[in-house]
Amino acid sequence: MQLPTEWPSKARVIAQATELGIGAARAHDLDGFGEAVKSLELHPEARDVHAHMIRELVETQYQDGVSGDDLSEVLTRTARDAGAWNAPVDPSAVVVVLTGSLAVVQRSDDDGPATDIPPARLNGAAVLVIADLAAVAALDHRPYLMRAVEEIRRAQTVEMP
């Protein structure tokens, strides 16, 4: 994946680790997936990128609106597929990732999900959900990743009045 040269190194690392994780999830590569999740754990901003990607993928796939049944289907598919190749998946982390990306849950003071689930589990769940949503809709996840990183980067550079 060709990344813009003007992106800061942190944005590039998040994009590359996310790309690695999604590729590993699709290939059922447990080692590659673990490596990607470990790399993402060092960058809390990755959660914002993943939330943006999930939100956009859900909006693309469920253009008429998303229901609780739709989210339950994503949760079931994600957990079932991850279990088939022994990927570490925490269903409660999948729920937090899905509902958090859609702003269904209340956030804590630090703007993170109101949960005690470790960041590695949240990152892993997010990558698995992204891989699932993109695969089911037969979408290339890369444009979603590029837009998410660019949106987060743009939001961080906008000056407040």
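**Entry 1: helix α3**

I began with helix α3 and looked up which of its residues are covered, and I found that Ala46, Val49, His50, Ala51, His52, Met53, Ile54, Glu56, Leu57 and Val58 are buried. I note here that I am reading a predicted model. I then checked the length of α3, which has 16 residues, 46–61: at 1.5 Å a residue the helix should span 22 Å, and its end C-alpha atoms are 22 Å apart, so the expectation and the model agree.

**Entry 2: α3 against α6**

I reminded myself that two packed helices are described by the angle between their axes and the distance between the axes. For α3 and helix α6, residues 119–136, I read an angle of about 25 degrees and axes 10 Å apart. Angles under 35 degrees count as roughly parallel, so α3 is roughly parallel to α6. I also wrote down that α3 passes α6 in a left-handed crossing.

Which residues of α3 and α6 meet? On the α3 side I listed Ala46, Arg47, His50, Met53, Ile54, Leu57, Val58 and Gln61, and on the α6 side Leu122, Asn123, Ala126, Val127, Val129, Ile130, Leu133, Ala134 and Val136. Sorted by class, this contact of α3 with α6 has 13 nonpolar, three polar and one charged residues. Going back to my first list, I saw that Ala46, His50, Met53, Ile54, Leu57 and Val58 are buried and that these residues also take part in the contact with α6.

**Entry 3: helix α5**

I turned next to helix α5, residues 91–101, and found it mostly covered, with eight of its eleven residues buried. The buried residues are Ala93, Val94, Val96, Val97, Leu98, Thr99, Gly100 and Ser101. I asked what covers the buried residues of α5, and the cover includes α3, α4 (68–84) and α6.

**Entry 4: α1 against α2**

The axes of α1 and α2 lie 8 Å apart, and the two helices pack at an angle of about 155 degrees. Since angles over 145 degrees count as roughly antiparallel, α1 and α2 are roughly antiparallel to each other. The crossing of α1 past α2 is left-handed. From α1 the contact takes in Val13, Ile14, Ala17, Thr18, Leu20, Gly21, Ala24 and Ala25, and from α2 it takes in Gly32, Phe33, Glu35, Ala36, Ser39 and Leu40. By class I noted nine nonpolar, four polar and one charged residues in the contact of α1 with α2.

**Entry 5: positive phi angles**

I kept in mind that most residues other than glycine have a negative phi. His28, which is not a glycine, has a positive phi of about 60 degrees, and I located this residue in the loop between α1 (9–27) and α2 (30–41). Is His28 buried or exposed? At 38% relative accessibility, His28 counts as partly exposed.

Ala138 also has a positive phi, near 55 degrees, and lies in the loop between α6 and α7 (142–157). At 70% relative accessibility, Ala138 counts as exposed. I added Ala103, which follows α5 and has a positive phi near 60 degrees.

**Entry 6: the whole chain**

Last, I stepped back to the chain, which holds seven helices and zero strands. Of its 161 residues, 43% count as buried. When I took the contacts between residues at least 6 apart in sequence, I found that 76% of them join residues at least 24 apart.

Methods:
Residues numbered from 1 in each chain as written. Predicted model: local features only at pLDDT ≥ 70, side-chain atom pairs only at ≥ 80, totals over all residues. Heavy atoms only, no water. Helix = DSSP H or I, 4+ residues; strand = E, 2+ residues; numbered from the N terminus. Expected span 1.5 Å × (residues − 1). Buried < 20%, exposed > 50% of the residue type's maximum accessible area, 1.4 Å probe, protein only. Axes fitted to C-alpha atoms, helices over the stretch in contact; angles between N-to-C directions. Parallel < 35°, antiparallel > 145°, perpendicular 65-115°, else oblique. Left-handed = near helix turned anticlockwise from the far one by under 90°. Contact = heavy atoms within 4.5 Å. Nonpolar A, V, L, I, M, F, W, Y, C, P; charged D, E, K, R; others polar.
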